[in-house]
Amino acid sequence: MNIDLKLLHHAVVLARHRHFGQAAAAMNISQPTLSRNIAALEKQLGMKVFERSHRDVLPTPAGEDVLRMAEELVGRAESLSNRLELLRDGRGGRLRVVAGAYMDDIAVQPAAIELIRANPSIRLEILEREWTAALSSLMSDQADFAVVDVLALREMPSLRVDSLGLLQGVYFCRAGHPLLAKPDPQPADLRTYPLVMPGMSLSRMSFIADIDSGMRIDERGGGVLPSIAVSSFRSASDIVAETDAISLGHATQIAAGIAAGRFALLRLPWIRKLPSVEMGVAWKRERTLPPAARTFIDLIRKHVRNAQAAESSVAPKTGRRPSRRP
């Protein structure tokens, strides 16, 4: 069976928009053309991929399986096309990067700004994802490389990992939070309030296990979800500023908020050492990173070093570990 990759691409876009008109506009084609192409695909496959109605377009049960495979094939084809462009011109083409929610904020976006200023011809696609989604994007060829917490990735033989170094986290809350009135807050005190942050690797569960009563394991992705799971640090910080939720972030991410009286550090005396995470770059072993990727990674590494240098100016002092209370 010969299946036109273009038709699969059209089906993937239609599944995302669930509307023929919106999907056609996104691809800059006419709605009748899209309708004909979807009909042609269904004829090739010998099955209905979509159910049509006046209000919505939804995949059939069989169509859902087709679309999962189509998305992977389309992603691989786009990845091949992008890599060929980058090989032809190290400064051109489209470089696709997926960044963990913390690394996007701390180093990837600042590095992207530098890269674009120095090389306006670069074409970038930066995806910000929580840990499990970032790994999924990398493994499904939606990104050339990932910038994430790499502890768990070192055990994956299909990946190459390049360490960027350790980054230290701090616990924080809004200014005026009830916890700040307690001279010696205990884990049970923190469990009274929800914890908001992006999901994390299972290997980092100890960072929140004692203080978040709503934490759970994500059975689908294999990561850890806090009481309130968000996809970006900016969402977490906005929620913290307006509620009694608490969070975990890097010193550079909250320094301005502390200076403005928006945030306050949570000083937790039972924690002897603040949580640290090894950040790094990961890509598929079968790939050779193009020159543009290497340039981008060097800039990311520079901003990680800047973040490490700023940690001591904000991080709270840690204390002794008292006996546990129920």
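Buried means under 20% relative accessible area, exposed means over 50%, and partly exposed covers what lies in between. With these words in hand, the predicted model shown above can be read through its charged pairs, one of its helices and its aromatic rings.

**Charged pairs**

The structure holds 19 salt bridges, and three of them are set out here with the distance between their closest N and O atoms.

| Salt bridge | Closest N and O atoms |
|---|---|
| Arginine 76 and glutamate 72 | 3.5 Å |
| Aspartate 141 and lysine 284 | 3.4 Å |
| Arginine 287 and aspartate 141 | 2.7 Å |

The pair of arginine 76 and glutamate 72 sits within helix H4 (residues 61–88), where the two residues are four apart and therefore separated by about one helical turn. Glutamate 72 has a relative accessibility of 40% and so counts as partly exposed, and arginine 76, at 36%, also counts as partly exposed.

Aspartate 141 takes part in a salt bridge with lysine 284, and this pair links distant parts of the chain, 143 residues apart: aspartate 141 is in the loop between helix H6 (131–139) and strand S5 (145–149), while lysine 284 is in strand S13 (residues 276–284). Because its relative accessible area is 2%, aspartate 141 is buried, and lysine 284, with 7%, is buried as well.

Aspartate 141 also meets the side chain of arginine 287 in a salt bridge. Arginine 287 lies in the loop between S13 and helix H10 (291–314), so its pairing with aspartate 141, in the loop between H6 and S5, ties together parts that are 146 residues apart in sequence. Both arginine 287 and aspartate 141 are buried. Through shared partners, salt bridges join Glu72, Arg76, Asp141, Asp144, Lys284 and Arg287 into one network.

**Helix H3**

Helix H3 (residues 31–45) has 15 residues, which at 1.5 Å a residue should span 21 Å, and its end C-alpha atoms are indeed 21 Å apart, in agreement with that expectation. The residues Leu34, Asn37, Ile38, Leu41, Glu42 and Leu45 of H3 are buried. When H3 is viewed down its axis, these buried residues fall within an arc of 135°, and they therefore line one face of the helix. Arg36 and Lys43, on the other side of H3, are exposed. Just after the helix comes glycine 46, which takes a positive phi of about 75°.

**Aromatic rings**

A pair of aromatic rings is described by the distance of the centres and the angle of the planes. A search of the whole structure finds four such pairs. In one of them, the rings of tyrosine 102 and phenylalanine 233 have centres 5.7 Å apart and planes at 45°, so the pair is tilted. Since tyrosine 102 lies in helix H5 (residues 101–118) and phenylalanine 233 in helix H8 (residues 233–242), the pair ties together parts that are 131 residues apart in sequence. Tyrosine 102 and phenylalanine 233 are both buried.

Phenylalanine 233 forms another tilted pair with phenylalanine 172, at 6.0 Å centre to centre and with 50° between the planes. Here too distant parts of the chain are linked, phenylalanine 172 being in strand S6 (residues 159–174) and phenylalanine 233 in helix H8, 61 residues apart. Phenylalanine 172 is buried, as is phenylalanine 233. Ring pairs link Tyr102, Phe172, Phe233 and Phe263 into a cluster.

Note on methods: Residues numbered from 1 in each chain as written. Predicted model: local features only at pLDDT ≥ 70, side-chain atom pairs only at ≥ 80, totals over all residues. Heavy atoms only, no water. Salt bridge = Lys/Arg side-chain N within 4 Å of Asp/Glu carboxyl O. Buried < 20%, exposed > 50% of the residue type's maximum accessible area, 1.4 Å probe, protein only. Expected span 1.5 Å × (residues − 1). Arc of directions from axis to C-beta. Phe/Tyr/Trp six-rings, centres within 6.5 Å; stacked < 30°, edge-to-face > 60°.
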